[in-house]
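Visitor: Please select one part of this structure for a close look, and then follow its connections outward into the rest of the model. A formal account with values would be appreciated.

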Amino acid sequence: MKKNKISAVVLTIIIISVIITTGIEFNSMQEEIPIYPSEGLTEKKQLSDYFEGLKDTPGDTEIYVFEGEEEGGSTLILGGTHPNEPASNLTTIMLVENLKVDKGRVFVITESNKSAFTHNDPQEGSPHGYHIETTSGERYFKYGSRATNPIHQWPDPDVYIHSSGQKLSGSETRNLNRAYPGREDGTLTEKVAFGITSLIKEENIDVTIDLHEASPEYPVINALVTHEKASDIASMAIIELQFQGIQMALEASPKNLHGLSHRELGDFTDTYAMLMETANPSQGRLRGATTEELIVTGKDKIYEKAGEAGFLFVEFDENGHPISERVARHATGIKEMINSFNMFNMGNEIILKGIPSYEEIISNGIGSYLE
Amino acid sequence: MTYIYQLIVILFIAYLVIMLFREKKIQNQINISLVLIPLILRLLMIK
């Protein structure tokens with residue numbers, strides 16, 4: 001056999017080996033992560049129950065419903081809109097595993113953009129997931145992408161034209177938080193957004209809270225972004241958080257920036273739409289290696305230096321921003337937003353139990369509140 | 001549309017595999033191999 005034929009055969013064997021090993025690795029992200037709901041769970045539904053067009057698609061996702069014995073208001077908590085913002089997904093998992101409702105109804109979605117949990121952002125070097133020590137041992141959680149898997153939705157247009165006519169870069173076509181209120185006959189991402197909008201309308205959701213994280217160098221951080229209809233509720237919640245020593249800024253949802261949950265869900269439904277952001281160094285541009293340790297501890301030396309130099313919009317020292325702190329902020333924010341809603345809606349309250357306090361999560365670690 | 005896309009990918013892969021076996025320079029063979037890996041992963045709709 002000629003020399004070049006031998007090298008071609010050797011390279012073919014290498015190609016096949018690489019495809020098998022990476023294929024197994026990539027496909028492992030399709031596996032479901034187990035969640036152990038609390039006794040307070042009353043029903044588990046699918047998003048396709050509200051929009052048939054999502055049935056048997058990678059966009060269909062679980063909805064955990066907690067209903068109190070007494071009738072009251074209702075809230076929808078969205079986790080995992082952007083799976084590279086892990087405190088969002090982890091907060092909702094913690095809620096599902098601890099929540100009990102005395103009055104009203106709570107709907108929780110842990111993987112709002114389920115497809116985006118099945119892959120990573122290219123060239124970011126992110127791990128596929130991270131581990132947390134819990135009461136029953138070590139558990140694995142996914143770290144996905146900001147956007148829908150391009151295997152499930154392609155091709156990206158050069159320009160993404162939102163239903164309002166707004167033009168954004170083509171890759172935003174797979175961003176769930178640029179797709180609201182969604183389109184019945186749109187892309188997979190738009191269909192997911194349409195499903196969530198339909199759920200809010202059908203269940204008469206009073207309060208919708210979308211959980212996010214942002215890079216420490218991003219100005220809208222440790223913030224609560226609110227639709228103008230919800231500004232009273234959000235303002236009261238901010239005051240209560242400040243009383244507890246939790247710094248949180250109040251940001252008004254821009255009226256001319258379309259596709260975002262806090263804008264479109266407020267405009268197109270009767271819900272009070274709010275969005276919360278915490279500081280996530282694992283998605284920032286200044287970070288070092290993107291490791292599981294960075295995701296969980298939130299410690300990064302470059303960010304520490306950037307913090308010292310005053311380049312960041314959050315304080316950043318050697319303690320970083322651990323995931324327990326970020327989940328604690330989200331959990332406390334949710335409680336205060338609900339308390340605030342209750343103040344303005346006497347008789348139609350939502351009464352929750354089982355959510356650990358900010359201090360409890362910080363001192364015991366988030367793992368203490370996961371099965 | 002996905003099937004048309006996969007057909008185009010198959011044609012590219014077939015052409016590159018032929019090139020891999022015809023190519024005389026090892027550097028070019030390695031280059032072809034590097035291009036083939038993501039193409040095959042895409043054909044199988046894995047990545």
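Guide: A residue is called exposed when its relative accessible area is over 50%, buried when that area is under 20%, and partly exposed in between. In this predicted model, A:Asn204 has a relative accessible area of 56%, and it is therefore exposed. The residue is located in the loop that connects helix 3 and strand 9 of chain A. Its backbone deserves attention, since phi of A:Asn204 is near 50°, a positive value in a residue other than glycine. As a general background, most residues other than glycine have a negative phi, and most peptide bonds are trans.

The loop that holds A:Asn204 also contains A:Glu203. The side chain of A:Glu203 meets that of A:Arg105 in a salt bridge, with 2.7 Å from N to O. Because A:Arg105 belongs to strand 4 of chain A and A:Glu203 to the loop between helix 3 and strand 9, this pair ties together parts that are 98 residues apart in sequence. A:Glu203 has a relative accessibility of 13% and so counts as buried. The loop thus offers both an exposed residue, A:Asn204, and a buried one, A:Glu203.

Strand 9 of chain A takes part in a further salt bridge. Here A:Glu213 pairs with A:Arg326, and the closest N and O atoms are 2.6 Å apart. The two partners come from distant parts of the chain: A:Arg326 is in helix 8 (residues 323-344) and A:Glu213 is in strand 9, 113 residues apart. Both partners are enclosed. A:Arg326 is buried at a relative accessible area of 0%, and A:Glu213 is buried at 2%. Elsewhere, A:Glu32, A:Glu62, A:Glu111 and A:Lys114 are joined into one network by salt bridges that share partners.

Within the overall count of 17 salt bridges over all chains, one bridge of that network is formed by A:Lys114 and A:Glu32, whose closest N and O atoms are 3.2 Å apart. A:Lys114 lies in the loop between strand 4 (100-109) and strand 5 (129-134) of chain A, while A:Glu32 lies in the loop between helix 1 (3-27) and strand 1 (43-46), 82 residues away. A:Lys114 itself counts as buried, at 10% relative accessibility.

Helix 3 and strand 9, the two elements that flank the loop of A:Asn204, both pack against buried residues of helix 5 of chain A, as do strand 10 (223-226) and strand 12 (272-279). Of the 8 residues of helix 5 (residues 261-268), 6 are buried, so this helix is largely enclosed by the rest of the structure. The buried residues are A:Ser261, A:His262, A:Arg263, A:Glu264, A:Leu265 and A:Gly266.

Beyond strand 9, the chain enters the loop between strand 9 and strand 10, where A:Asn222 is placed. In contrast to the exposed A:Asn204, A:Asn222 counts as buried, at 12% relative accessibility. Leaving aside residues up to four places away in sequence, its contacts are A:Gln247, A:Met248, A:Ala249, A:Glu277, A:Thr278, A:Ala279, A:Val314 and A:Arg329.

On the other side of helix 3, the loop between strand 8 (167-169) and helix 3 contains A:Pro181. The peptide bond between A:Tyr180 and A:Pro181 is cis, with omega about 0°. A:Pro181 and A:Arg183 are the residues that A:Ser163 touches, again not counting those up to four places away in sequence. A:Ser163 is placed in the loop between strand 7 and strand 8 and is partly exposed, with a relative accessible area of 42%. Another cis peptide bond leads from A:Trp154 to A:Pro155, with omega near -10°; A:Pro155 is in the loop between strand 6 (137-142) and strand 7 (159-161).

A positive phi also occurs in chain B, at B:Met45, where the value is near 55°. B:Met45 lies in the segment after helix 2 of chain B. Chain B meets chain A through 21 of its residues, in contact with 20 residues of chain A. About 1800 Å² is buried between the two chains, 74% of it on carbon and sulfur atoms. Of the area that chain B buries against chain A, B:Phe21, B:Ile46 and B:Lys47 supply 33%, more than any other three residues.

Key: Residues numbered from 1 in each chain as written. Chains lettered and ligands numbered in written order. Predicted model: local features only at pLDDT ≥ 70, side-chain atom pairs only at ≥ 80, totals over all residues. Heavy atoms only, no water. Contact = heavy atoms within 4.5 Å. Buried area = accessible area lost by both parts, 1.4 Å probe. Buried < 20%, exposed > 50% of the residue type's maximum accessible area, 1.4 Å probe, protein only. Helix = DSSP H or I, 4+ residues; strand = E, 2+ residues; numbered from the N terminus. Salt bridge = Lys/Arg side-chain N within 4 Å of Asp/Glu carboxyl O.
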